[in-house]
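Biologist: Please take a close look at the sheet of one chain and at what packs on it, and then place that part within the rest of the model.

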Amino acid sequence: MTTASPPAVALESIASCFEGIIPASICTCSPDGTPNLTYLSIVHQVDSLHVGLSYQFFNKTRENLLQNPFAQVVVVSPTNLHQYRLDLRYERTETAGALFDRVRTRLDAVASQTGMSHIFRLRGVDIFQVLDCRPMNAQSSAEGFSRVDYLSQIEEFAARLAACNGLESIIDVTLDALSELFGYDYSFLMAPDEEGKRLFTLGSRGFGESGIGSEVWIGEGILGVAAERRQVVRTTNFSRDVLYSNAVRSRRGAPWRRQPAGTGDRLAWAAAFRKPARSTSGISGQTSRHTLPPERDSRAVSFRRRAGSPNRRTPVSCLYGPTGARREYQTASDLAPATDAATDAHFNGQALPGGRQHLYR
Amino acid sequence: MESGDPVSIGDELKTFLEGPVSVLVGTRDSRLIPEITRAWGPRVFEDRRRISLCVPIATSRKTLDNLEANGEIAVTFSLPTNYHTFQLKGRHATAAEPDSTDLQAVERHRDAFAMVNERLGQHRRQVEAFWRGEIESSPALVKIFFAPEQVFDQTPGPGAGRKL
């Protein structure tokens, strides 16, 4: 397994395995020959020969890797539940750079959203060389590589934008095009307030009510963290992110704690959108959310695409906590009903008890 | 691994291990290179000191070779609905042919695993792809049994790996 030849299965052909939809597992071995096996929330594909794993806590896996660099990871395709073994060799740990920033922002955004910012902290991204990648059952076939070409849709989108003659029409054209051209049936567009501390909704599509005027603190929740950091955040299975956070909380007895709002002094705009992980996925109701890097003096957009499955759930989109009499969620079990209630209240034009502002997640 | 006697598995842990959990087996070869395979039908023996599980032969040849060579084993049990996870380690795992009781345990486990995953939004036929893919080329299963000497709480977080 020390060969430098390409993996039997190209990592690009099983890209969906690296979206964090189904947990992976990693086995390492101590110098005395004791194997250690644990779960991973996500394996990041770095390039065709490398993957990255987040390093948050010093644990047995890491202790083993520092003494014996060989590991095996099993990833699972959310499309067909095929399992793949990756033989790995630990190379290095990155503590800065584009990959580190991308992983950290996603971790921080989810941690902020689930009230775990005081627990989850990225120390580094461990980089592994992929020595081999193969189906768990040698008889299984790898996923076919599918490349989606959006060039014609982008051309049409650009033409529609070019024909706009004002901000209002740009908003309408953008939101409509996201649905018509790209399949994002759920979307909303946000802009910063004058102080740059909050984003507020300018328009939306796909919801019962527009939600225009509702707000999110910059630096809080997935949208707020993405806006503050100017980083793309993609969440593919938020329900599992919540379960994971709850599991950590259950072992620590950690209280539900909110992060202070970010200052937002560097923010100009952010954009986010949501869509199903894969239209062919066997997992119903799973949506992925993209939060785009913000650009100065612009606007924030959030979209989500309607799942093709008739069993799709309505994704939870919005949030909690009015300012002034801000509610504190002391237990994880408060989160789901709170977010659902806030979603409904937001898109029905209602205020949460104790205040007028709603925070998106 | 530190030498140790087999641990006694209490009622609560027994219920967890035999529940609708995801079960993975970790072994290693003579070069200390690890190998993972998925297992089904875990059973805690009446003496509460031994555990058996079944692995598909098509996906587990390296695992079985490793166990025959050195017997070192780590098995992780994780409940998909809340990520509560335990890892059990032993040093003298052996393999045998499963009997009808073992195969019934496999069927019960697969059924329970599919049901719990349905609650998470996965269609049953998709969950069934897990084991159908594993036995695609051969339906044969092999039973592994071992006496755990160490039990760890492997639930995610900074305290993961706490020895019980």
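Modeller: The account starts with the sheet of chain A and then moves outward.

The model is predicted, so local features are taken at pLDDT of at least 70 and side-chain atom pairs at pLDDT 80 or more, while totals for chains, interfaces and linings use all residues. Residues are numbered from 1 along each chain as its sequence is written, chains are lettered from A and ligands numbered from 1 in the order in which they are written, and side-chain values use heavy atoms, with hydrogens and water left out.

Chain A has an open sheet of seven strands in the order β2-β1-β5-β6-β7-β4-β3, with antiparallel pairing. Strands here are DSSP runs of E with at least two residues, helices are runs of H or I with at least four, and both are numbered from the N terminus; two strands pair if DSSP finds at least two bridges between them. The edges are β2 (35-40) and β3 (44-47) of chain A; each has a single partner strand, so one side of each lacks a neighbour in the sheet. From one strand to the next the twist averages 35 degrees. Angles run from 0 to 180 degrees between N-to-C directions, and axes are lines fitted to C-alpha atoms, for helices over the stretch in contact.

At one edge, β2(A) pairs with strand β1 (residues 24-29) of chain A in the antiparallel sense over six bridges. The bridge partner of A:C27 in β2(A) is A:L37. Helix α1 (residues 60-67) of chain A packs on the sheet, where it touches β1, β2, β4 (50-55), β5 (70-76), β6 (83-94) and β7 (124-135) of chain A. Contact means heavy atoms within 4.5 Å. The direction of α1(A) makes about 50 degrees with that of β1(A). Helix α2(A) also packs on the sheet, touching β3, β4, β6 and β7 of chain A, and its direction makes about 95 degrees with that of β7(A).

Helix α2 (residues 98-113) of chain A also packs with helix α5 (residues 221-229) of chain A, at an angle of about 145 degrees and with axes 7 Å apart. From α2(A) the contact takes A:R104, A:T105, A:D108, A:A109, A:V110, A:S112 and A:Q113, and from α5(A) it takes A:G221, A:I222, A:V225 and A:R229.

Elsewhere in chain A, A:R160 and A:E156 form a salt bridge, with the closest N and O atoms 2.9 Å apart. A salt bridge is a side-chain nitrogen of Lys or Arg within 4 Å of a carboxyl oxygen of Asp or Glu. About one helical turn separates A:R160 and A:E156, because they are four residues apart in helix α3 (residues 151-162) of chain A. Over all chains the structure holds 27 salt bridges.

Two salt bridges are counted between chain B and chain A. B:E35 forms a salt bridge with A:R85, the closest N and O atoms being 3.1 Å apart. Across this interface, 53 residues of chain B are in contact with 51 residues of chain A. The area buried there is about 4300 Å², with 56% from carbon and sulfur atoms; buried area is the accessible area (1.4 Å probe) that two parts lose on being put together, summed over both.

Chain B has an open sheet of nine strands, ordered β6-β7-β3-β2-β1-β4-β5-β8-β9, with antiparallel pairing. Its edge strands are β6 (94-96) and β9 (162-163) of chain B, each pairing on one side only.
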